[in-house]
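Trainee: Could you take me through one part of this model closely? I would like the stretch around a single helix first, and then whatever links outward from there.

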Amino acid sequence: MIGAQWGDEGKGKITDLLSKSADIVVRYQGGVNAGHTVVVNGQTFKLHLIPSGILYPDKECIIGCGTVIDPKVLIAELDQLEELNISTTSLMISETAHVTMPYHRLIDVASETQRGNYKIGTTGRGIGPTYADKSERTGIRMLDLMDLDGLQEQLEWTINCKNVLLEKLYNLPPLNPQDVIDEYRVYAERLRPHVVDSSLKIYEGIHKRKNILFEGAQGTLLDLDHGTYPYVTSSNPIAGGACVGTGVGPTAIDRVIGVAKAYTTRVGEGPFPTEMVDGIGQILGDRGAEFGTTTGRKRRCGWFDAVIGRYAVRINGLDCLAITKLDVLDELEEIKVCVAYEIDGEKCVDFPKSSRIFSRCTPIYETLPGWKQSTEECRNLEDLPQQALNYLKFLADLMEVPIAIVSLGASRDQTIIVEDPIHGPKRALLSADGMPVAAQS
């Protein structure tokens, strides 16, 4: 399950819903820069590293090797869940996942500050520098954290090198290697029972024919290779990242589910063609409570962008979509959808890879009538106003992918399940004439 926009699509709720049909839930990339909000029985859970499936007592949850783990934050999440009487004994952590260290956070913030007008919009949580060390082959993995003698030797050398960078380039005070080592030894002992060969665990689950849900963080347009570079994250949130980030072959994947809001939001810097800085954008932000789970930053809001939607379908090989926050549009007289761009006087229907070109894109809109009534209590397609059904049909037709789930609020029950994407047959939502069933009244 992946985000089909710039993240913040409501993946936490959809993961929680799909986890009911899964045996194992696996997080495969990103770090504490991600935030999944789940509301259960009126109680709100904000998870950054632990898969949303942890809220079900009978699910195995795995943090895969493609993630980067801040042990301090992870332990705080474990403590929070256990205080709420939610068992965390089923949580497993990949032994080859990389560890975010104090110097990663310091370098992240200092580097972003130095960029000035060219800042990327990082969360400042040390994610990029952790992945950079992974690529440079100087990172600390969970299995290194478990080897206390080896950790001492490795961190003494690494921190001394990082101190040169902190002092000479960023004018920051150096870290005391022993203080960091002592702190992380405590983290190691707390997390030790959870550290496993996660690839093997997933492989065993596949052979036992268990249902396995791979949970992506961020979104397609934030992908390091396929997003709006350089305004992207440092990992691969797209569907292909699930294989690399868990150690599973692509032939094991049966279905890819995309999550998209009924409009579009973006946090941080970078081009955003359909953005509305006031008026309707303010209404969407207020009704949708558009603030980042991780940073609390206000999200930029705009109309639904079908150009990036079609791109997400193509890059991820989406089989179906979950559309979230349809209820946020309930009060609007009319709703616009970006169907193409205009670039320097020419029409463009495909997503441009250059951020400089993307910044010059002007959206070409089609306008649909709103429904001007609440959808929050709708539980079946037949309950939706005809204009809302027409809007969903329009989106499904534009992106040429069926809609399996429609979310109408934060709670689990505020959802229309057209077809269970895990148990339903592939392409089950296509009728004989090729139209998505979800779009029919």
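Mentor: We start with one helix and the loop after it, then move to other charged pairs, a buried loop residue, backbone angles and domains.

First, the ground rules. This is a predicted model, in which local features need pLDDT of at least 70, side-chain atom pairs count only at pLDDT 80 or more, and totals for chains, interfaces and linings use all residues. Residues are numbered from 1 along each chain as its sequence is written, and side-chain values use heavy atoms, with hydrogens and water left out.

The helix is α10, residues 280-287. Helices (H or I, at least four residues) and strands (E, at least two) are DSSP runs, numbered from the N terminus. The buried residues of α10 are G281, L284 and G285. They cover an arc of only 95° around the axis, so they sit on the same side of α10. That arc is taken over the directions from the helix axis to the C-beta atoms. Buried means under 20% relative accessible area, exposed means over 50%, and partly exposed lies in between (1.4 Å probe, protein chains only). What do the buried residues of α10 pack against? They pack against β13, residues 300-302. Contact here means heavy atoms within 4.5 Å.

Now step off the helix. Just after α10, A289 takes a positive phi of about 50°. E290 sits in the loop between α10 and β13. E290 counts as buried because its relative accessibility is 1%. Yet E290 forms a salt bridge with K325, and the closest N and O atoms are 3.0 Å apart. The rule asks for a side-chain nitrogen of Lys or Arg within 4 Å of a carboxyl oxygen of Asp or Glu. K325 counts as partly exposed, because its relative accessibility is 22%. The E290 and K325 pair links distant parts of the chain, 35 residues apart, with K325 in the loop between β15 (320-324) and β16 (334-343). Salt bridges that share partners join D8, K261, E290, R299 and K325 into one network.

Why can such pairs form? Side chains of opposite charge can pair when their charged atoms come close. The structure holds 19 salt bridges. Two more deserve a look. K210 and E60 meet through their side chains at 4.0 Å, N to O. K210 lies in the loop between α8 (198-207) and β10 (212-215), and E60 in strand β5 (residues 60-63), so the pair ties together parts that are 150 residues apart in sequence. K210 is partly exposed at 30% relative accessibility. E60 is partly exposed at 31%. The other pair is K59 with D58, at 3.8 Å, N to O. K59 is buried, at 7% relative accessibility, whereas D58 is exposed, at 57%.

Next, a buried polar residue. Q29 is found in the loop between β2 (24-27) and β3 (36-40). Q29 counts as buried because its relative accessibility is 2%. Its side chain makes a polar contact with the side chain of S235, at 2.8 Å. A polar contact is a pair of N or O atoms within 3.5 Å; within protein, one must be able to donate a hydrogen and the other to accept it, and residues adjacent in sequence count only if both atoms are side-chain atoms. Leaving out residues up to four places away in sequence, Q29 touches several residues, including G66, Y131, G216 and N236.

Back to the backbone. Most residues other than glycine have a negative phi, and most peptide bonds are trans. N85 has a positive phi of about 60° although it is not a glycine. N85 lies in the loop between α2 (71-83) and β7 (91-94). It is exposed, at 73% relative accessible area. E400 also goes positive, with a phi of about 55°. E400 is in the loop between α13 (386-399) and β19 (403-407), and is exposed at 69%. The peptide bond from Y229 to P230 is cis, with omega near 10°. P230 is in the loop between β10 and α9 (240-244).

Finally, the domains. An automatic or database assignment sets the bounds, giving domain 1 (98-194) and domain 2 (258-440). Their C-alpha centres lie 38 Å apart. Six residues of domain 1 are in contact with five residues of domain 2. Across their interface the rule finds zero salt bridges.
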